[in-house]
Amino acid sequence: MMRNSRIRAVLAAALAAAALGTVAAGVGVADEKSGKQHGRAGEREIAALFDQWNAALRTGDPEKVADRYAEDAVLLPTASPRIRTNHEEIADYFAHFLQKKPRGEKVRSVIHVLDQNSAIDAGLYRFHLTDPKTGVTKTVDARYTYEYEKRDGRWLIVNHHSSVVPAEG
């Protein structure tokens, strides 16, 4: 009789764990009609953050771009060897970069939503840059990683690494 009680207890615990797992898995399931996910950010929401960043670039205002970053963000920029670790340094980088009138486009993106307040977007993007002296436009292919955190209800970049794609070797 003692053995049957143990078996029932184990089965009950396993059934409870399975039910809990089913409920937990359902929390992040997308609503097919709205395209939104409950309890987690969706990939489309995270992908749109690049579009917002790119729109900030097009304003030509380094402060608008720097405002997309958290106060304690780290920027490893494409066109500078210096690591930028605060708002002033990030704005300074963009003051120079924006002189080239950059227009970015994603080539390939891999998005991982970690939880309701954090996500990573990594991939390849291409910038169209105009030389302020000659007016000649060139393209630069780069790889990127954006790490986002939702702080006070707003998605901010907390880590951004961008580097020119190396030649295949």
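## Briefing: strand pairing, core and surface patch

V107 is found in strand β2; helices (H or I, at least four residues) and strands (E, at least two) are DSSP runs, numbered from the N terminus. The model is predicted: local features need pLDDT of at least 70, side-chain atom pairs count only at pLDDT 80 or more, and totals for chains, interfaces and linings use all residues. Residues are numbered from 1 along each chain as its sequence is written, and side-chain values use heavy atoms, with hydrogens and water left out.

**Strand pairing**
- β1 (residues 69-76) and β5 (residues 154-164) run parallel and are joined by four bridges; strands pair if DSSP finds at least two bridges between them.
- L75 has H160 in β5 as its bridge partner.
- Ten bridges pair β4 (residues 137-151) with β5 in the antiparallel sense, and Y144 is bridged to S162 of β5.
- The β4-β5 hairpin has two residues between its strands, and D152 in the turn has a positive phi of about 50°.

**Nonpolar core**
- The largest nonpolar core (buried Ala, Val, Leu, Ile, Met, Phe, Trp, Tyr and Cys joined through side-chain atoms within 4.5 Å; buried means under 20% relative accessible area, 1.4 Å probe, protein chains only) has 34 residues.
- Residues with the most contacts inside this core include W53, F94 and Y146.
- α2 (43-58) is among the elements that each supply at least two core residues, and its six are the largest share.
- Y146 touches (heavy atoms within 4.5 Å) residues including F50, W53, I157 and H160, not counting residues up to four places away in sequence.

**V107**
- V107 is partly exposed (from 20% to 50%), with a relative accessible area of 45%.
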